[in-house]
Amino acid sequence: MKYFTLISFLIIIQHLCGQSQKSVSIEVFKISGKVTDVKNQPIPNAHIVFTHIKTEKKLGVISNQDNGKFSIELISGEYIVQVTALGFLTYTEKYKILKNTILKDIVLKEKAEQLDEVVIKADLSKNIKHSATGMTINIQNDSLYKKMSTAEVLSLLPGVTVGEDGTVKLQGIPAKVTIDGKTQRMSSTILMMLLESMQGDQLKNIELINTPSAKYSGRVQKVIDINLKKERNDGLAGAVSSRVGNADFSIGPFVSINYKIGKFVFTGTSTPYMYSKISRSIFIKRQLLDNSLSFDEEQESFSKDKSSFNQFGIDYTITKKHSVSVGISLNNDNNDSNIDFRTNQFAFKTLTNQQLNSNINDSHNNSYTVDFGYRYDIGNQGVRLDFASSYGENKSDNNTNIESELIDFENDNTTFTNSRDNQDQDNTQSSSRIDFTMPLKDKKGKFEAGLKYDDLIITDANLFENFNTNTNRFEIDANFTNAFEYNEEVFTGYMSYNASFKKLKYSLGLRLEHVETQSFSKTTDQRFANTYTNFLPVIALKYMTNKKQTSTIGLSYRKGYELPPYVQLNPFETFVNSNTIKRGNPTLTQSLYHLFALSRTIKNKYFITLSANFYKNLFQTTQILEGDNAIISYRNLGTRSLYKASFNTTFKLYSWWRFNVNPMLNYSILKDGQIINEVFTVQASTVNTFTLPNSFRIGLTTIFSNGDSSGLDTPNEFIRVFPIVSLSKRFLKNKGSVRVSISDIFGVSNRNESNYILDDTGFSRRSVMQNPRINFNLSYRFSSGKKVNKKMKKTSKVNSTRF
């Protein structure tokens, strides 16, 4: 009985406690805010921890990757808030939560702004986000990258190499560099000046696209897309810089401006005057394998180039859904050059004659391109329609005066001749495209489709004349005088689907490019037409092997093609010197390639890629002996199989020392009829970055290579070591920067030789230039403006670079 009474008592107590708990309600409030830096730029991936002072219970949240915003639900009470982000000082503040609250923006200060010492806390592995086609590196989270130029940042990214001449490669293949998705209509030299003047704190992220989706042309193999921060105050921002080099001496200012006011964004890039001098010594040897005929040729060339480049754009947001963009690019180039040829002709190793040629050239080139873009945002889910169109013209005038002297040792006779060559070219290009983009419902992928049309029209007129000493005037030489027209039309349609399923990310696409080319020789009344219809599939798969998505296995395939250069389709011959002629080949056909790749990423630190590329009808410039002349021509080779293995990793050896290593092994097999060319090449690069006090930085890049072979060429028998040493300093509160670099200290580029054997002709070529090469770059960034009025905050998310 007493047990029954005790149990009943406990049941009653439990019931009363339950009723008490139901009657007490704990109210939860929504707390939101935003994390920014001192320049009001959002800081993504910041860690915000709320610690309840009374209970000591901790709740945390991470700021949004795009806009730095966060939200969390908390009970009432007093909290200690601690905010941390890579490269920034820790923020600590006390808050009292009594209702739903939008906190005042939390502003973090960079460590480098507070301490006069080296601070490198960022970890690249935490800033990489993978996609099926490549990876995106978040630059704005790295305090080191913010203090570097964009060119320096690129050199530290996985698989990227940046040359002093402005060439940018991804996994050893030249990459198409875009800024906010737009192709830059500028030379590699001007592009390098732009990348050197663009500082890391202007960057949002950089996307390395190893397998371009079907949205990209079938002639594109690699893409590097540099994305800039979009949100900033009204006002003016820009950079002024200058680059000076001793080898291929060049000097010229560079200006980049961006002015924003309300719904308008004005952009401009200009090199108002660029002057360069280039000198080369080239040694060429051509010989028949039986030694019955051979030529030893020396070329001394010197040229002066004066050019200017200007690019302007306007972006206007009409309404929240409609944006337009207009841009224009202007280019002017004037070149004066002088090439002296000294050619010794041998018969069975006996000198028979010597030919001296002096080609004095004067060329002028003027071009412009107009771009127009329109974007329609459909709804609020990211669905959009883009329309873009461009039209451009290029006019060039090339005049050459040729003086020749032939010394005949066998007949003890000397002959002098004088000729002149005038080449005029008109080039018209037009393009139109429409693209549709629709994000998936879960925003973990997107569907893209589009249509495009390109049209290229080129007209060439070549007038060659010889001086007749009897009539004392120039007379037309019909052998080298011709008129040629070329038209190329490309009709394109594509679909691309990018999505993810659990741990698998994939991109599937199909691109159709129908190409029609027509070439017409007015001189001979000959017409040549080619039609190519290419179905270009793209398949990219990437599997995340861990929860943090820092380790992956990827597999990809992409088909592409290349068209022969139009000038090589002209069946006529062009005079080079007394014993060298360029001859067109109207039978050239397109080259097709298939790219396969297997990749492995381990903890976003180690990157391994194995690739197999197969080419058909590969293009090759050839030089063979025919009669007493050397014939330079283009031809299609058979098939080429290229196998590559590459590895890349970056170590932080000390807080002030980063080390990047990127070795690559290549094995190539070329088969063309009876010719089989097997080549094994080794390439490796190491990049050391030393960050020192007082904003000094030292870079040491070393490239090891025994050459490359893309066709008939054979590599060198030795490993060349090509070092690049640079010293940079930032000043004026990081707005100014100066950089000095020295490359090719040992002159190894002068030992780079190209050689092959084709059709009983042996050929070798070596080029010599000034070394070491020294480049000096000085840049200064400026900005002014005021805080954006809330009523005007509906500014464009699309500036002129997006088109």
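# Close-up views of a predicted chain

**View 1. The whole chain, in a predicted model.** Of its 803 residues, 48% count as buried. Buried means under 20% relative accessible area, exposed means over 50%, and partly exposed lies in between (1.4 Å probe, protein chains only). The chain holds four helices and 46 strands. Helices (H or I, at least four residues) and strands (E, at least two) are DSSP runs, numbered from the N terminus. The accessible surface is about 39800 Å², and carbon and sulfur atoms own 56% of that area. Such areas come from the Shrake-Rupley method with a 1.4 Å probe; for residues, only the protein chains shown count as cover. Among contacts with a separation of 6 or more, 64% join residues 24 or more positions apart. Contact means heavy atoms within 4.5 Å.

Residues are numbered from 1 along each chain as its sequence is written, and side-chain values use heavy atoms, leaving out hydrogens and water. In this predicted model, local features need pLDDT of at least 70 and side-chain atom pairs count only at pLDDT 80 or more, while totals for chains, interfaces and linings use all residues.

**View 2. Confidence along the chain.** The pLDDT is the predictor's confidence in each residue, from 0 to 100. Its mean over the chain is 84, and 90% of residues reach 70 or more. Among the elements, strand β31 (residues 552-562) has the highest mean, 95. Helix α1 (residues 2-23) has the lowest, 42. Over residues 112-122 the pLDDT is below 50, yet this stretch has 29 contacts in the model beyond near neighbours in sequence. Residues 786-803 also fall below 50; there the model has 49 contacts beyond near neighbours in sequence. Where pLDDT is low, the predicted coordinates should not be read in detail.

**View 3. The salt bridge between Glu488 and Arg219.** Their side chains meet at 3.3 Å, N to O. Glu488 lies in strand β28 (residues 482-501) and Arg219 in the loop between β16 (203-209) and β17 (223-228), so the pair ties together parts 269 residues apart in sequence. Glu488 is buried, at 11% relative accessible area. Arg219 is partly exposed, at 29%. A salt bridge puts a side-chain nitrogen of Lys or Arg within 4 Å of a carboxyl oxygen of Asp or Glu. The whole structure has 22 of them.

**View 4. Two further salt bridges, Arg384 with Asp386 and Lys395 with Asp426.** Arg384 and Asp386 meet at 3.1 Å, N to O. Arg384 is buried at 18% relative accessibility, and Asp386 is buried at 7%. Lys395 and Asp426 meet at 3.5 Å, N to O. This pair links strand β24 (residues 383-408), home of Lys395, to strand β25 (residues 413-439), home of Asp426; the two residues are 31 apart. Lys395 is partly exposed at 46%, and Asp426 is partly exposed at 38%.

**View 5. The largest nonpolar core.** A nonpolar core is a set of buried Ala, Val, Leu, Ile, Met, Phe, Trp, Tyr and Cys residues joined through side-chain atoms within 4.5 Å. This one has 36 residues. Those touching the most other members include Leu154, Ile206 and Ile224. Elements giving two or more residues include β10 (134-138), α3 (150-155) and α4 (188-197). The largest share, six residues, comes from α4. Leaving aside neighbours within four places in sequence, Ile224 contacts residues including Leu154, Val160, Val168 and Leu208. A second, separate core has 22 residues, among them Ile43, Val83, Ala85 and Leu103.
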